[in-house]
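Here's an informal walk through the model, from the overall build to a few individual residues. Keep the viewer open as you read.

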There are 4 protein chains.
Amino acid sequence: MRMKQADFDGPEPGMRTGRIEALSDGVFAIAMTLLVLDLALPGAGETVGLREFLGGQVDRFFNYALSFLLLAVFWVRHHQQFHFIKRTDAGHLWINIFFLMFVALLPFSTSLLGDYPDEALAEAFFGGNILMLGLLLTLSWAYATRRYRLVDRGLDPRHIALPRERGMLTIIVAASAIAVAFVNPDISSYLYLLILVLQIALARRHRRPRGKPDSDSGAIDVPRSGAS
Amino acid sequence: MRMKQADFDGPEPGMRTGRIEALSDGVFAIAMTLLVLDLALPGAGETVGLREFLGGQVDRFFNYALSFLLLAVFWVRHHQQFHFIKRTDAGHLWINIFFLMFVALLPFSTSLLGDYPDEALAEAFFGGNILMLGLLLTLSWAYATRRYRLVDRGLDPRHIALPRERGMLTIIVAASAIAVAFVNPDISSYLYLLILVLQIALARRHRRPRGKPDSDSGAIDVPRSGAS
Amino acid sequence: MRMKQADFDGPEPGMRTGRIEALSDGVFAIAMTLLVLDLALPGAGETVGLREFLGGQVDRFFNYALSFLLLAVFWVRHHQQFHFIKRTDAGHLWINIFFLMFVALLPFSTSLLGDYPDEALAEAFFGGNILMLGLLLTLSWAYATRRYRLVDRGLDPRHIALPRERGMLTIIVAASAIAVAFVNPDISSYLYLLILVLQIALARRHRRPRGKPDSDSGAIDVPRSGAS
Amino acid sequence: MRMKQADFDGPEPGMRTGRIEALSDGVFAIAMTLLVLDLALPGAGETVGLREFLGGQVDRFFNYALSFLLLAVFWVRHHQQFHFIKRTDAGHLWINIFFLMFVALLPFSTSLLGDYPDEALAEAFFGGNILMLGLLLTLSWAYATRRYRLVDRGLDPRHIALPRERGMLTIIVAASAIAVAFVNPDISSYLYLLILVLQIALARRHRRPRGKPDSDSGAIDVPRSGAS
């Protein structure tokens, strides 16, 4: 039966990468959708006019979009890792569970930004959450690729390097944003836009080498369905 | 392994259409279910009688059903697009993530309708949310089908035209509803019933040509499982 | 590609039964988990002692378990239908979307039971929700099996009859509970325990004929994986 | 069609283990993400400073991480069981639904810990929830493996013993934590860290025998995809 295979690769019998991906998709989808609860604030009073209410929510809308898109970036990277990861083990499993714990925490960190605008501590807390996401995702990749532990031996070194580079950049951006928060909290959250921009810029840079065929690239190319 | 194939079609290695669909199903299911939180208002006071409470909720029940069914329409259309889309790339991926951002926002827009009934601005905000959903879904399709970027070259032009037509109609209805909101907010939300009706009407119109076999249709017919 | 097949069976190109099941699993899982939000009431005041608080929640715990198990019954039945349903069309799709709308509504109906205990109207509202679930699921099955519209022509009549019987019993129980609510709201919700009991009783009755092999049963038996 | 096979193994036609896993993944992902709602408390007042607010939340952060990781442990074990379970029946189905009912309840039990710190009853309620999870998961495994009811006849006795051992240890830890709660509520929740530690310790113990090939182990080894 299809879903019962390839399960004895680690010390946790029965855990497959596919199931971690399923739980991750669920946690990501829910965390991304729960961000909206942060916007639904009037309720009790309802005495405030709609125009004033929406005007006072501009920062929250920005935070909503920022957190949603940052979670999307981490979701994309998480799946990119699992594209190359062929098996799992207890260490890898638990790194990923800790990673998901900080995915699920982001709606709370985002609500702090909205409840305590312009406070260094709120910005630093949010930055710490992004930092942990970057650290754990980078750790997950380092763990999986060290001595080809969970990936194919023939994996192109460039495919190993790209997620590492991106992870490092995320960590640097988040650490900088935390430091900046204590100087000028207003501009701290704008720094994360860098992660969004770099995600696209690095995708383009990564794309180019594939245009011109080179020897080692062809050797590791994952077979396409129907073409292999 | 089945889930590891067909992934090198875009600049984002490892992103497959199947994973975007999984995240989308999650976000749609959660957004549709979170709409109900909008109805659960008494709580604190609880001094209001149930009959009066439910009587005052009639508009919210209408809004709940309207938003639920509109999300269902967008979910159906989203899947119809992905039926023909054979691969993805970074542009397509991010158009879809922005689309999901507005899916997740709809429970908030719906709650504005309930908290600020008969206010033009609340109706316009809701209309803007529907408008963005229509625009992004139409953009996603235009991006995917332009020069057959992400679809098969042999795809029937009628299959390309139908989602475009529906998208245009949604955009026109939402733009009209926003305009009407500033004249008469009471009737603005009833306009969206048009989207529900047109969804069914266009489905029927689209169905008829398949009854009589014609040459170009047969050429692109997707093989059925077991029958091909 | 596996997920792109068998899609041209209805007027909605691209809609497959598998995707309706995925959305349904999501809505069911979320609605079942959102029921717990109904229990988390103290919050603001927090002045009430825990013993008194939990003592006052006994009815809510009963409601939580009742609604959770009723949703589980409907989830089981929904999947049993889809086991035999081989294709979908626009009518079937929208009956199911309306069904899911009432699945997502149940946490609200359950919260009414908790906020307005012993009120006939709250019990009747909850009963109406269950009634709609029973009606729509029965309608879905009648629509799918009428002239074997969406099922195999060789389907055993007993397999068609069982979901219909269960649907009818659910409708009768819910209608009775609504009527009883206006006489004695206290006992109204206990009637739903009948649905839980009947679910198991009918499963056993249905099982017995399969013990002794009979001719028409063998004719429709779905091939087991690996055994066919 | 892949998803329509192997369904006649129990008295509930149409229920497959894959569908129970899908619902379970959903309920687990949602329960794990809803835990964060417990942290989002200020809202109404907002007069409390952020430093004081976060300082007062330290216990809640610990509870959040504890409940998240405990749910992860139960999710891992649940999947490990389903790796060996080849079919389902009505008894197994309903044991699992009751198990999921207590999964969905955990965010509530965790919120009690936060709202009523240092209260024996809150600790005991939380312990009761963990106890029920341990009991029902152990019952599920005992039911499935008794006379090889739902597993392959050739299943290695060690694979049957491991989940039972872990289940027993969970039950003992939870029962001890409940007893300790009435003596010293402060240390009660720290006992659950044992479950986390034991999960890893037992994984390692289980791993070792696979290093040296032995006869009976090879006999039951599940074929890996591509290697079989």
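A residue is called buried here if 20 or more other C-beta atoms lie within 10 Å of its own, and exposed if 12 or fewer do. Keep in mind that this is a predicted model.

## A helix of chain B, residue by residue

Let's put that cut-off to work on helix α6 of chain B, which covers residues 157-183. Which residues of α6(B) are buried? They are Pro163(B), Arg166(B), Gly167(B), Thr170(B), Val173(B), Ala174(B), Ala177(B), Ile178(B), Val180(B) and Ala181(B). As background, an α-helix has 3.6 residues a turn, so residues three or four places apart point the same way.

The length of α6(B) works out as well: at 1.5 Å a residue its 27 residues should span 39 Å, and the end C-alpha atoms are 39 Å apart, which agrees.

## The overall build

Chain A has 9 helices and 0 strands, so to speak in order, the elements from the N terminus on read α-α-α-α-α-α-α-α-α. Of its 228 residues, 49% count as buried. Take the contacts in chain A with a separation of 6 or more: 79% of them come from residues 24 or more positions apart.

For a look at helix packing inside chain A, try α5 (residues 120-145) and α6 (residues 157-183), whose axes are 8 Å apart and pack at an angle of about 160°. That makes α5(A) roughly antiparallel to α6(A), and their crossing is left-handed.

## The core and Val103

The largest nonpolar core has 250 residues, and those with the most contacts inside it are Val103(A), Val103(B), Val103(C) and Val103(D). What does Val103(C) touch, leaving aside its neighbours within four places in sequence? Its contacts are Val27(C), Phe28(C), Ala31(C), Leu71(C), Phe74(C) and Leu133(C).

## How α4 sits in chain C

Helix α1 of chain C (residues 17-34) is one partner of α4(C): the two axes come within 8 Å and cross at roughly 15°. That makes α1(C) roughly parallel to α4(C), with a left-handed crossing. On the α1(C) side, Ile20(C), Ser24(C), Val27(C), Phe28(C), Ala31(C) and Leu34(C) take part. They meet Leu93(C), Asn96(C), Leu100(C), Val103(C), Ala104(C), Leu106(C) and Pro107(C) in α4(C).

Helix α5 of chain C (residues 120-145) is another partner, with its axis coming within 9 Å of that of α4(C) and a crossing of roughly 165°. That makes α4(C) roughly antiparallel to α5(C); this crossing is left-handed too.

Ile97(C) is worth a click while you're here, since it belongs to α4 (residues 90-115) of chain C. Is Ile97(C) buried or exposed? Ile97(C) counts as buried, because it has 22 C-beta neighbours inside 10 Å. Its C-alpha atom is 8.7 Å from that of Ile20(C), although 77 residues separate the two along the chain.

## A well-covered helix

Now for α3 of chain C, residues 58-84. Its 27 residues reach 40 Å from first C-alpha to last, close to the 39 Å expected at 1.5 Å a residue. The helix is mostly covered, with 22 of those 27 residues buried.

## Two loops to check

The loop between α4 and α5 of chain C holds Tyr116(C), and Asp118(C) has its place there as well. Tyr116(C) is buried because 21 other C-beta atoms lie within 10 Å. Beyond its neighbours within four places in sequence, Tyr116(C) is in contact with Leu50(B) and Ala122(C). From Gly55(C), 61 residues away along the chain, its C-alpha separation is 17 Å. Asp118(C), by contrast, counts as exposed, as it has 12 C-beta neighbours inside 10 Å. Its phi is positive, about 65°, although Asp118(C) is not a glycine.

Chain B has a residue with a positive phi too: Arg147(B), at near 50° and likewise not a glycine. Where does Arg147(B) lie? Look in the loop between α5 (120-145) and α6 of chain B. Arg147(B) counts as exposed, because it has 7 C-beta neighbours inside 10 Å.

Note on methods. Residues numbered from 1 in each chain as written. Chains lettered and ligands numbered in written order. Predicted model: local features only at pLDDT ≥ 70, side-chain atom pairs only at ≥ 80, totals over all residues. Core = buried A, V, L, I, M, F, W, Y, C linked by C-beta atoms within 7 Å. Contact = placed C-beta atoms within 7 Å. Helix = DSSP H or I, 4+ residues; strand = E, 2+ residues; numbered from the N terminus. Expected span 1.5 Å × (residues − 1). Axes fitted to C-alpha atoms, helices over the stretch in contact; angles between N-to-C directions. Parallel < 35°, antiparallel > 145°, perpendicular 65-115°, else oblique. Left-handed = near helix turned anticlockwise from the far one by under 90°.
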